[in-house]
Amino acid sequence: MDSTPRRKSGLNLPSGMNETSLRLETFPSSSSFRAVTCVSSPRAISSLSSPSKTSSCSDRFIPCRSSSRLHTFGLRDKESPVKEGGNEAYARLLKSELFGSDFGSFSSPAGGQGGLGSPSKNMLRFKTDHSGPNSPYSPSIFGHDSGISSESSTPPKPPRKVPKTPHKVLDAPSLQDDFYLNLVDWSSQNVLAVGLGTCVYLWTASNSKVTRLCDLGPNDSVCSVQWTREGSYISVGTQLGQVQVWDGTQCKRVRTMGGHQTRTSVLAWNSRTLASGSRDRNILQHDLRVSSDYVSKLIGHKSEVCGLKWSHDDRELASGGNDNQLLVWNQHSQLPVLTLTEHTAAVKAIAWSPHQSGLLASGGGTADRCIRFWNTTNGHQLNHVDTGSQVCNLVWSKNVNELVSTHGYSQNQIMVWKYPSLSKVATLVGHSLRVLYLAMSPDGQTIVTGAGDETLRFWNVFPSMKTQTPVKDTGLWSLGRTQIR
C-alpha cells in the first residue's frame, strides 16, 4: 500500500485520466482557447469523438416580431410635461405607422402587461392586409377602439340656429284659404302688400304704418299682387280677369288691362314686361309702353295657371298649373321650350336659384308632395325630395345657398333646406291652416307667411349677407300681434 498522501486536484477528471494528460493549446489565428485532450488509448479517442453535423445558413436574417423587443425604440407611452395627451396620441400614431395598426392596441411594458403581446402577423411581409384601416389617420383610428381621444380631430361645425317662433304676428282678416291665389308680396322698398277680400293693404315695415291701396268694390275681389323689381309700382290681378297697375307711393291707379276671361291667379314682373296667369289656362304678356292690353299670349297649360316666375336674367319664364305641368318659356317663342311632367299634382311653388344659372326648383301639391330641382339648359331633373306635405311656396335665399318651402296638407309647416345636400336646417310650425302665401324681406333675412287662419307671421330664417348671423329683433319688430287693417 502506498502511504504517500495524494494531492487532491481541483478538477473532476474521469477515471483513467490524470492532470498531465490535459493541456491548453493556443491558436495564433484566434484569441480564444480550447481544451485538447491527450489520450494514449485509441479506444478512448473513439469514445470521445462524435460525427460532425452539416448546417445550412441563410443569406439574411428576418426577425420575428414576437421575439423582438420593440419597446426599446423608446416609443413607450409617457405623459407630456407640457400638454396632457399630446405625446400619447403622437406615440400611438407613430407606432401604428411603423409597426402596423395592431401595434397601437398593445400595452407597454410599463403598463404591467409584460411588454408586447404575441401578434400573429410577420413584422416584414409583402402581402398587404386589408382587414384594418389603410392609414392611422382614417376615422376608425380615432375611435374608441384605438384609445386615442376624439379631441385630436376637428369638432364638427355646429348647425345654424333658426328661431322656432315668429317675432311678429299680424291679423289679416279675410285672407282667403285658396291654394291657387297669390295674395302676399314684399317690395324692394320694404313695403308688404296683402290682398284681403276686395282690398289691397300696404304695410310699411320700417314704421308699421298700414295704408289701404285700393278697394275693387262688391262685384270683384283680389286674386294676386306683385311688386315691380324697383318697388314703386304694384300690379293687382282680379276675380274678373283684369290686371291693374298702381303707383304704390301715391296710391293711384296707372293702368287697367284686360284679356283674361276669368280670374287672374298669378303675376310676375321682369325688368320691362308683366306676365299674368289665369284660370282660362292662358299666360298674357303685358307691356306698359304700348296701348294694347297685351303683346303676346302663351298657350300650353291645360288647366288653371297658378305659378309664374321669371329667371333672374329675364331670359326664361317658368309656369306651373293645375294640370301638373311645369313649363319653361323663353322670350322669343310662343311655345314652351321645356315641358316637365314629373309632378303628379298642381305646380304652384316655383323658384329660380340666384346662385346658379339655369337651376329651377318646383313643388307639387297634395298628391305629389315633392320638391324637384331642374337644369333648364338640358331639361334634366337633378334631384328631388319628398316633403310629406303639399308644397305651397318656394323661395330661394339670396344670402346663402338655401331655400324655404311652405306646406299645406297635412303638416302646415315651414321648412328650410340646404342645397345641394337637401338636409333640413329647420322646421317651423305655428299656422293652424295651410301656409299658402310666402314673401321675403329685401335684406333676405326675414320671411313672412300667410295662411287661411287669417294671420301673417314673420320669421327670422336666413343670415345676413355680411355677418352670416341671424338678424336681431329691433323695437319695430318686437313680438306682438296687431291688425293689418
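Hi everyone, let's start with one residue: Ser187 counts as buried because its relative accessibility is 1%, where buried means under 20% relative accessible area, exposed over 50% and partly exposed in between, with a 1.4 Å probe and protein chains only. Before going on, a word on the model: it is predicted, with local features needing pLDDT of at least 70, side-chain atom pairs counting only at pLDDT 80 or more, and totals for chains, interfaces and linings using all residues. Residues are numbered from 1 along each chain as its sequence is written, and side-chain values use heavy atoms, leaving out hydrogens and water.

Back to Ser187, which sits in the loop between strand 4 (184-186) and strand 5 (191-196); strands here are DSSP runs of E, at least two residues, and helices are runs of H or I, at least four, numbered from the N terminus. The Ser187 side chain reaches the backbone nitrogen of Gln189 at 3.2 Å. Not counting residues up to four places away in sequence, Ser187 touches Trp227, Gly231 and Pro442, contact being heavy atoms within 4.5 Å.

Now for the core. The largest nonpolar core has 38 residues, and Leu175, Val184, Leu192, Val194, Val448, Leu456 and Ile484 have the most contacts inside it. Such a core is a set of buried Ala, Val, Leu, Ile, Met, Phe, Trp, Tyr and Cys residues joined through side-chain atoms within 4.5 Å. Strand 4 and strand 5 are among the strands that each supply at least two residues of this core. Leaving aside neighbours within four places in sequence, Leu175 has contacts including Leu183, Val194, Tyr437 and Leu456.

On to the sheets. One open sheet has four strands in the order 16-17-18-19, with antiparallel pairing; two strands pair if DSSP finds at least two bridges between them. Which strands stand at its edges? Strand 16 (305-310) and strand 19 (338-340) do, each with a single partner strand, so one side of each has no neighbour in the sheet. Strand 16 pairs with strand 17 (residues 316-321) over five antiparallel bridges, and Gly307 has Gly320 in strand 17 as its bridge partner.

Another open sheet of four strands runs 12-13-14-15, again with antiparallel pairing. Its edge strands are strand 12 (264-269) and strand 15 (296-299), each pairing on one side only. Strand 13 (residues 274-278) and strand 14 (residues 282-286) run antiparallel, joined by four bridges, and the partner of Leu274 in strand 14 is His286.

Technical notes: Polar contact = N/O pair within 3.5 Å; in protein donor to acceptor, adjacent residues only side chain to side chain.
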